Amino acid sequence: MNNPITMKLNADELILQALREDITSEDITTNAVMPKPCEGQVDLICKQDGILAGIDVFRRVFELLNENTQTEAFAKDGDPVKKGMKIAVVTGDIRVLLSGERVALNYLQRMSGIATYTNSVAALLKGSKTKLLDTRKTTPNMRVFEKYAVKVGGGCNHRYNLSDGILLKDNHIGAAGGVKKAIDMAREYAPFVRKIEIEVENLDMVKEAVEAGADIIMLDNMDPDTMKKAVELIGGRAQTECSGNVTKENISRYLDAGVDFISSGALTHSAPILDISMKNLHAL
């Protein structure tokens, strides 16, 4: 997200929406204590160890309020940061620094928290063939930022949205009338370049999915022993994905199954923020 074109196409309007949510007409507090323009500077301080993500989004918040605001960053996305570290210095109109502070920090804290948590989970998969994936369990209007943060933390992105890929889940299968029917209908409807993934819950569904020619089979909420049997049954005829309440605490249970991917909604819906603050504001 450090590409200016990517930022303008994917992030600017979302950032502006966040700013409009926080400032409907004016920042009454800032205007009360700072009625006139005044050049100032503030430090961005990390208050706990983690992985930084979103520094360019942080910067962009202030630029959208005033294009003359300057952010000098001492770390980039993906860098480890330590408690007490000065991450950046922001210089500009003090009114802009005060009015943009909360929105800028909300993005940076949230994205850095996701990157930090993802990094800790991805570390548990090192040495295996299994890749860590996120899900669509993201905060509304935050998906582009949260999925980016997963990549910064060392994870991989699953499909971005419903237009991005075919994933036949239990209710799709129910609507279609069965595993084979769902796969056949998806293959008939979708462009040939699209892979077909299907969610299965037991070995009978696994067998049916393989025979119907699924490209990816998601093994949902299976215990590790059943999952291992499912992978053996598939025998490389489809890629395999493990899913279902996977967290940092239990992910090691699934490594022996030999799946190609493990997806975890916890990467985005349960990651705590990384504590980062703006401190030492002063006039220049």
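This report walks through a predicted model of one protein chain, from its overall make-up to a few local details.

## The chain as a whole

Let's start with the big picture. The protein chain has eleven helices and twelve strands, and its C-alpha atoms fill a box of roughly 70 × 35 × 25 Å along the principal axes. Of its 284 residues, 49% count as buried.

The contacts say something about how the chain is connected. Taking contacts between residues at least 6 apart in sequence, 69% join residues at least 24 apart.

## An antiparallel open sheet

One part worth a look is an open sheet of four strands, in the order β3-β5-β1-β12, with antiparallel pairing. Its edge strands are β3 (70-73) and β12 (276-283), each of which pairs on one side only. From one strand to the next, the twist averages 20 degrees.

Within this sheet, β1 (residues 39-46) and β5 (residues 86-93) run antiparallel and are joined by seven bridges. If you would like a pair to find on screen, Glu39 has Asp93 in β5 as its bridge partner. As background, strands of a sheet pair through backbone hydrogen bonds, either parallel or antiparallel.

## Helix α5 against the sheet

Helix α5 (residues 94-122) packs on this sheet and touches β1, β5 and β12. Its direction makes about 165 degrees with that of β12.

The helix has 29 residues and reaches 40 Å from its first C-alpha to its last, close to the 42 Å expected at 1.5 Å a residue. Along the way, α5 bends by about 50 degrees at Glu101. Of the 29 residues of α5, 21 are buried, so the helix is largely enclosed by the rest of the structure.

## β9 and its parallel neighbours

Now for a different stretch of the chain, centred on strand β9 (216-220). All five of its five residues are buried, and both faces are covered: Ile216, Met218 and Asp220 lie on one side, with Ile217 and Leu219 on the other.

β9 pairs in the parallel sense with β8 (residues 196-200) over four bridges, and it is also joined to β10 (residues 239-243) by five bridges, again running parallel. Met218 is a handy landmark here: this residue of β9 is the bridge partner of Glu199, and Met218 also stands opposite Glu241 in β10.

The helices between these strands complete the picture. β8, helix α9 (residues 203-212) and β9 make a right-handed β-α-β unit. β9, α10 and β10 make a right-handed β-α-β unit as well.

## Two asparagines with positive phi

Two backbone details may catch your eye if you check torsions. Which loop holds Asn221? Asn221 is placed between β9 (216-220) and α10 (224-234). Although Asn221 is not a glycine, it has a positive phi of about 55 degrees.

The other case is Asn141, also not a glycine, with a positive phi of about 65 degrees. Asn141 is found in the loop between β6 (131-133) and α6 (143-152). Is Asn141 buried or exposed? Its relative accessibility is 55%, and the cut-off for exposed is over 50%, so Asn141 counts as exposed.

Notes:
Residues numbered from 1 in each chain as written. Predicted model: local features only at pLDDT ≥ 70, side-chain atom pairs only at ≥ 80, totals over all residues. Heavy atoms only, no water. Pairing = 2+ DSSP bridges. Axes fitted to C-alpha atoms, helices over the stretch in contact; angles between N-to-C directions. Contact = heavy atoms within 4.5 Å. Expected span 1.5 Å × (residues − 1). Bend = angle between axes of the 7 residues up to and from the residue. Buried < 20%, exposed > 50% of the residue type's maximum accessible area, 1.4 Å probe, protein only. Right-handed = clockwise from strand over helix to strand, strands pointing away.
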